[in-house]
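Reader: I am new to this structure. Please take me through the terms used for it, one by one.

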Amino acid sequence: MTSVHNFSAGPAVLPREAIEESISGLRSFKDSELSVLEISHRSSWWGETMEAAEEQVRKLLNVPDNYSVLFLQGGANMQFGMVPYNLLPSNETAVYVNTGTWADKAIKDAKIFGHVNEVASSKESNFNYIPKDYTLPEKAAYLHITPNNTIFGTQMKAFPNPDYPVVADMSSELFSRPIDVSQFDLIYGGAQKNMGPAGVTVVIVNKDILGRVDREIPGFFDYRNHVKKESLYNTPPVYPIYMSYLTMRWVEEQGGVKAMKDRNDEKARMMYEEIDRNSLFEGTAAKEDRSVINATFVAKDEEYERKFLKEAAENNFVGLKGHRSVGGFRASMYNALPRESVEALVGLMQDFESRVG
Ligand code: PMP
């Protein structure tokens, strides 16, 4: 058991069990007597693991049969471009809800390929809430949303449901709660939060929405190639996929995404209760839109902010400094963060208040 409390936003805390098992795979993968770093991605050792990883995603999220599960590289950032490249004809419009820095970047990239209707935005108040009072157009190539906003600590509790495809950047919340995959047509996420280490991006795509654009797409950027080759179009990021598989298996052993939701809800409840109670701190996101995963808060006095960060570091808390666009603190509470870490942070905040408040 590590004594460090890892509240990092990503790369983030992973289950110890998965890390330990991957260390044994680094020494010798299955019965190969080769490291997982050395085996061919065409070997049967790898083929079985890749299949198991895909199966694990399908099982955890109940992915319908007409959807492909892809393991790609390039991070969520690459999906900002790959989505419109594949789904936005140059004379059509895609609808985006702008809920933060990442959504903003996705919008910028989409504009390269076609028209963008930014139907709602909370930019004017530094993205501290999820816009809700907007009307979606009747027609569009797709709608793009970011259900959990890692930097600003906001999270959608309900999803829009238009008559056209819905694309969701779920980087910081995939596997943290049950979702109905059939409500979406493309889900993507960098693995480095709830799913595994950096280096692999999962894409879950309804195959029926592909092939509508008539522009030429370079091979790697064309989803259809990855669907056809089952994520072996190029050499896949073998180790990150392996570690993601072990992490997802751990999620299943813990009771699946429903169990993760219950644990995450409880951690978030404890965290926000203390933020609201403590006279030295205050939350930055609108209460009804608070993220269960990333809790953002500030100290009411700048002096306390510096002091608290210093004390936190001295007490083995890492990753608590807020993103520069919000300031203050951010406690990221991904699946593998134990409840005890939140209890310890709450304890430190209480102790801090009693001494300096
Ligand atoms: N979208 C969201 C919601 C994120 O949290 C992040 C990373 N923090 C990204 C996109 C960018 O991901 P990547 O670094 O994998 O490109």
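Author: Start with a rule: a molecule sits in a pocket if more than half of its atoms lie within 2 Å of the pocket's grid points. In this predicted model, the ligand meets that rule for the second largest pocket.

Reader: Which residues are around the ligand?

Author: They are Gly75, Ala76, Asn77, Phe80, Trp102, Asn148, Thr150, Asp169, Ser171, Gln192 and Lys193. To count, a residue needs a heavy atom within 4 Å of the ligand. Helix α3 (residues 75-87) gives the largest share of this shell, four residues. By type, the shell holds three nonpolar, six polar and two charged residues.

Reader: What makes the approach of Thr150 to the ligand a polar contact?

Author: The cut-off is 3.5 Å between N or O atoms. A polar side-chain atom of Thr150 is 2.4 Å from a ligand oxygen atom, so the pair qualifies. Asp169 has a side-chain N or O atom 2.6 Å from a ligand nitrogen atom. For Lys193, a polar side-chain atom lies 2.9 Å from a nitrogen atom of the ligand. Both of these pairs also fall within 3.5 Å.

Reader: How much of the ligand does the protein bury?

Author: The protein buries 86% of the 400 Å² that the ligand exposes when taken alone.

Reader: Why is the pair Asp104 and Lys123 called a salt bridge?

Author: The limit is 4 Å from a side-chain nitrogen of Lys or Arg to a carboxyl oxygen of Asp or Glu. In this pair the closest N and O atoms are 3.2 Å apart, so the name fits. The bridge links distant parts of the chain, 19 residues apart: Asp104 is in helix α4 (residues 101-110), and Lys123 is in the loop between β4 (115-121) and β5 (143-145). The whole structure has 24 salt bridges.

Reader: What makes Phe127 worth a note on phi?

Author: Most residues other than glycine have a negative phi, and most peptide bonds are trans. Phe127 is not glycine, yet its phi is positive, near 55°. Phe127 lies in the loop between β4 and β5.

Reader: Which bond joins Gly10 and Pro11?

Author: A cis peptide bond, with omega about -5°. Pro11 belongs to the loop between β1 (5-6) and α1 (16-27).

Notes
Residues numbered from 1 in each chain as written. Predicted model: local features only at pLDDT ≥ 70, side-chain atom pairs only at ≥ 80, totals over all residues. Heavy atoms only, no water. Polar contact = N/O pair within 3.5 Å; in protein donor to acceptor, adjacent residues only side chain to side chain. Areas by Shrake-Rupley, 256 points an atom, 1.4 Å probe, with all protein chains shown as cover. 1 Å grid on protein atoms, 1.4 Å probe; cavity = no way out; pocket = protein on both sides within 12 Å on 5 of 7 lines; lining within 4 Å. Helix = DSSP H or I, 4+ residues; strand = E, 2+ residues; numbered from the N terminus. Nonpolar A, V, L, I, M, F, W, Y, C, P; charged D, E, K, R; others polar.
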